[in-house]
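Colleague: I have not worked with this structure before. Please look closely at one part, the surroundings of the ligand, and then connect that part to the rest of the protein.

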Amino acid sequence: MESSDPLLPPRTVADSRSEMTELILPNDTNTLGNLLGGRLMHYIDLVAAMAAYRHARAYVVTASMDHIDFIAPVHVGDLLILKSTLNRAFRTSMEVGVKVWVEHTVSGTLRHVASAYLTFVAIDSQGHRVPVPPLEPVTEDDKRRYHDAGRRREQGQLERERKRSARSGAAAGRESATSV
Ligand SMILES: CC(C)(COP(=O)(O)OP(=O)(O)OC[C@H]1O[C@@H](n2cnc3c(N)ncnc32)[C@H](O)[C@@H]1OP(=O)(O)O)[C@@H](O)C(=O)NCCC(=O)NCCS
């Protein structure tokens with residue numbers, strides 16, 4: 001597995017951990033008064049990008065939102081709390097995990113409503129990919145997330161390879177069908 005640039009000083013998960021809070025207003029919701037899924041994905045992308053920026057200290061682009069679970073609806077008037085952590089840094093890419101809660105405005109209790117994994121790629125101002133610093137997992141949770149991110153990367157790479165082969169196979173089929 002390709003690793004991040006060993007010449008860059010390593011950073012910890014705490015160095016880039018990020019948090020965002022949003023009050024859900026009628027404009028963010030559907031006709032039932034529930035937060036739109038697309039709006040929630042936008043918030044997830046933003047809070048994840050904050051952690052990626054803080055880790056890479058470079059421009060970053062979203063390469064993929066690998067997995068998202070919408071566990072429970074979010075209603076108008078809810079306080080949405082989003083937290084992001086760097087799970088692992090590779091060569092130019094980083095996996096970020098996001099967990100989302102709703103805070104009950106009166107009782108203060110928290111309800112887990114969504115989780116997601118995203119991959120960002122660091123680039124320079126010309127759009128060229130740049131290496132990112134290694135991530136140093138410190139706590140047991142950091143180590144578990146680091147290990148799991150490696151497993152997800154291997155699965156993602158296999159899946160992208162499979163799609164690439166399927167696309168080139170289909171293109172070759174079209175070409176032979178049209179040639180005489
Ligand atoms: C993401 C992007 C930079 C990858 O560029 P590429 O030339 O395809 O790069 P490569 O295939 O050589 O991969 C570069 C890195 O990205 C990772 N990567 C590429 N596609 C990925 C994907 N779909 N999911 C996760 N990681 C991905 C690779 O694993 C590699 O990581 P590494 O350097 O840490 O080993 C490019 O596809 C891009 O610019 N996409 C548009 C990004 C964007 O506009 N995002 C906002 C969308 S609205």
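Modeller: The ligand has 14 residues around it, and those that come nearest are S64, F90, R91, T92 and S93. All of this is read from a predicted model. Sorted by class, the shell holds 6 polar, 4 nonpolar and 4 charged residues. At least two shell residues come from each of three elements: strand β3 (59–70), strand β6 (110–123) and helix α3 (140–178). Of the shell residues, β3 supplies 4, the largest share.

To place these elements, the whole chain is needed. The protein has 7 strands and 3 helices, and their order along the sequence is β-α-β-α-β-β-β-β-β-α. The C-alpha trace spans about 70 × 45 × 30 Å along its principal axes. Among the contacts with a separation of 6 or more, 76% join residues 24 or more positions apart. Of the 180 residues, 29% are buried.

Two of the elements around the ligand, β3 and β6, belong to one sheet. This open sheet has 5 strands in the order β2-β4-β5-β6-β3, with antiparallel pairing. Its edge strands are β3 and β2 (18–23), each of which pairs on one side only. From one strand to the next, the twist averages 25°. Strands of a sheet pair through backbone hydrogen bonds, and the pairing may be parallel or antiparallel. At the β2 edge, 6 bridges join β2 to β4 (residues 79–89), and the two strands run antiparallel. In that pairing, S18 stands opposite S84 in β4.

Helix α2 (residues 37–56) packs on this sheet and touches β2, β3, β4, β5 (93–103) and β6. Its direction makes about 45° with that of β4. What should the 20 residues of α2 span at 1.5 Å a residue? The expected span is 28 Å, and because the end C-alpha atoms are 28 Å apart, the two values agree. The buried residues of α2 are L40, Y43, I44, V47, A48, A51, A52, H55 and A56. An α-helix has 3.6 residues a turn, so residues three or four places apart point the same way.

Just after α2 comes R57, with a positive phi of about 50°. R57 lies in the loop between α2 and β3, the strand that gives the ligand shell its largest share. The phi of R57 is a positive value in a residue other than glycine. Most residues other than glycine have a negative phi. Is R57 buried, partly exposed or exposed? R57 counts as partly exposed because 14 other C-beta atoms lie within 10 Å, where 20 or more would make a residue buried and 12 or fewer would make it exposed.

The remaining element of the shell listed above is α3. One residue found in this helix is K163. K163 has 10 other C-beta atoms within 10 Å, and therefore counts as exposed. How far apart are K163 and F120 in space? Their C-alpha atoms are 20 Å apart, and in sequence the two residues are separated by 43 residues.

To return to the ligand, its shell draws at least two residues from each of β3, β6 and α3. In the sheet, β6 and β3 are neighbours in the strand order, and helix α2 touches both of these strands.

Note on methods
Residues are numbered from 1 along each chain as its sequence is written. This is a predicted model: local features need pLDDT of at least 70, side-chain atom pairs count only at pLDDT 80 or more; totals for chains, interfaces and linings use all residues. Two residues are in contact if their C-beta atoms, placed from the backbone, lie within 7 Å. A residue is near a molecule or strand if its C-beta atom, placed from the backbone, lies within 6 Å of it. Ala, Val, Leu, Ile, Met, Phe, Trp, Tyr, Cys and Pro count as nonpolar, Asp, Glu, Lys and Arg as charged, and the others, Gly among them, as polar. Two strands pair if DSSP finds at least two bridges between them. Axes are lines fitted to C-alpha atoms, for helices over the stretch in contact, and angles run from 0 to 180 degrees between N-to-C directions. The expected span of a helix is 1.5 Å times one less than its number of residues.
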